[in-house]
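Biologist: I'm just getting started with protein models, and I'd like a close look at one part of this one. Could you take me through a helix and then show me what surrounds it?

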Amino acid sequence: MQHEHNVVLLITHSGDYFTIDRVAEALLKRGAQPFRLDTDKFPMTVKLQAYLSNSESHHRVEYGDRSFDTQQVQAVWMRRIWEPHLSQELAPKFRSACARESLAVLDGFWDSLRTARWVDDLQRIDAAENKLCQLRVAAEVGLVIPQTLITNNPKQAREFYQQVEGKMIAKLLRPLSYSMEGSSFFMYTSAVKEEDLIDAETLRYCPMVFQEQISKQQELRAVYVDGNLFVGALDASGYAASTQDWRRAKQDACTWQTYQLPDEIIRRIDDFMKRFGLKFGAFDFIVTPAGEYVFLEVNPTGEWGMLERDLNYPISDAIADALLARNIKL
């Protein structure tokens, strides 16, 4: 069993590649020891023990041929927490209970890492994932936001449709599923037609987010890492006629280009991140044909691999520096 020192814990799942590997490489170059913890492998493969008494406490993880004690961990990268992948031999009636208990044990385990440097703190991530709070704070720091209605009342949805002159999109506040098997249930942002609202009684079961549809010239993914910004831009004319969500567009319609945000927008993003106490965030903006920047949302554990891959942005290096408290403004 290989014992670790100077550990930086990378919290992810077994289907995660590229970004996790790039950050691990960047940490190794800086003399740290990355330890990848695939949360979906607990409890089937990852072994965890926590012993607590009035006089002492011990917390230890074993995964493959590697192990660490939590006091050896200097930093934690909060990339993903995934539901446990449990054996099919386990009766279905026990599977959900075992999954809940495993996640609860992990929740307790994170407390043993409270003295490490987190990118980012779990409670701050949870607070920042509140999309309604995001919109409020974005407006308060001076960012432009779309007109937004969240409702379970079909009548209000129809009235809002008229208010925005039929230019309306719908989306969910949270993904429908967090499991790898359930990823096909992810609902993308989509345009709303009037006939969609004639019989909208399903809103009684699941409220939805409705927003005015913003005319887009470009869509931006702005990755914020501890004061540094890495911005990629897409020409929306390549896919806007077929989809409201660039993630659904054909790959050849999405060519990332480097982009420089105005200083005023950068200052507002800085203020936004300070309000939430976050070191990392993946922002989505629309640039309108009139040149206005419209804030859509921020994902505190969002994707950035495509920007490093296509634009050679040193995002993994910036994350490694943030984890090791090397605050170098690029």
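Modeller: Here is a walk through one helix, followed by the cores, some strands and a loop.

A quick note before we start: this is a predicted model, where local features need pLDDT of at least 70, side-chain atom pairs count only at pLDDT 80 or more, and totals for chains, interfaces and linings use all residues. Residues are numbered from 1 along each chain as its sequence is written, and side-chain values use heavy atoms, with hydrogens and water left out.

The protein has eight helices and 17 strands; these are DSSP runs, H or I of at least four residues for helices and E of at least two for strands, numbered from the N terminus. Buried residues make up 47% of its 330 residues, where buried means under 20% relative accessible area, exposed means over 50%, and partly exposed is in between (1.4 Å probe, protein chains only).

Our helix is α2, residues 92-110. With 19 residues at 1.5 Å a residue, α2 should span 27 Å, and its end C-alpha atoms are 28 Å apart, which agrees. (The expected span is 1.5 Å times one less than the number of residues.) In α2, A99, S102, L106, F109 and W110 are buried. Looking down the axis, those buried residues fall within an arc of 95°, so they line one face of the helix; the arc is that of the directions from the helix axis to the C-beta atoms. On the face turned away from the buried side you'll find the exposed residues K93, R100, E101 and D107.

For contrast, try α8, residues 315-323. Eight of the nine residues in α8 are buried, so this helix is mostly covered. Just after α8, A325 takes a positive phi of about 60°.

Now for the cores. A nonpolar core is a set of buried Ala, Val, Leu, Ile, Met, Phe, Trp, Tyr and Cys residues joined through side-chain atoms within 4.5 Å. The largest one has 45 residues, and L9, F272, F283, F285 and F295 have the most contacts inside it. Helix α6 (residues 263-276) gives this core its largest share, five residues. Apart from it lies another core of 30 residues, among them L10, I20, A24 and L324.

Next, some strands. Four of the five residues of β12 (residues 208-212) are buried, so the rest of the structure largely encloses this strand. β12 runs antiparallel to β9 (residues 148-151), joined by four bridges, and pairs with β10 (residues 168-171) in the antiparallel sense, also over four bridges. (Two strands pair if DSSP finds at least two bridges between them.) Q211 of β12 is the bridge partner of T148, and I169 stands opposite Q211 too.

Elsewhere, five strands form an open antiparallel sheet in the order β15-β14-β13-β16-β17. β15 (257-258) and β17 stand at the edges with a single partner strand each, so one side of each has no neighbour in the sheet.

Follow the chain on from β17 (293-299) and you reach T301, in the loop before α7 (305-311). T301 counts as buried because its relative accessibility is 12%. Leaving out residues up to four places away in sequence, T301 touches M78, R79, R80, I125, E129 and F280, where contact means heavy atoms within 4.5 Å.
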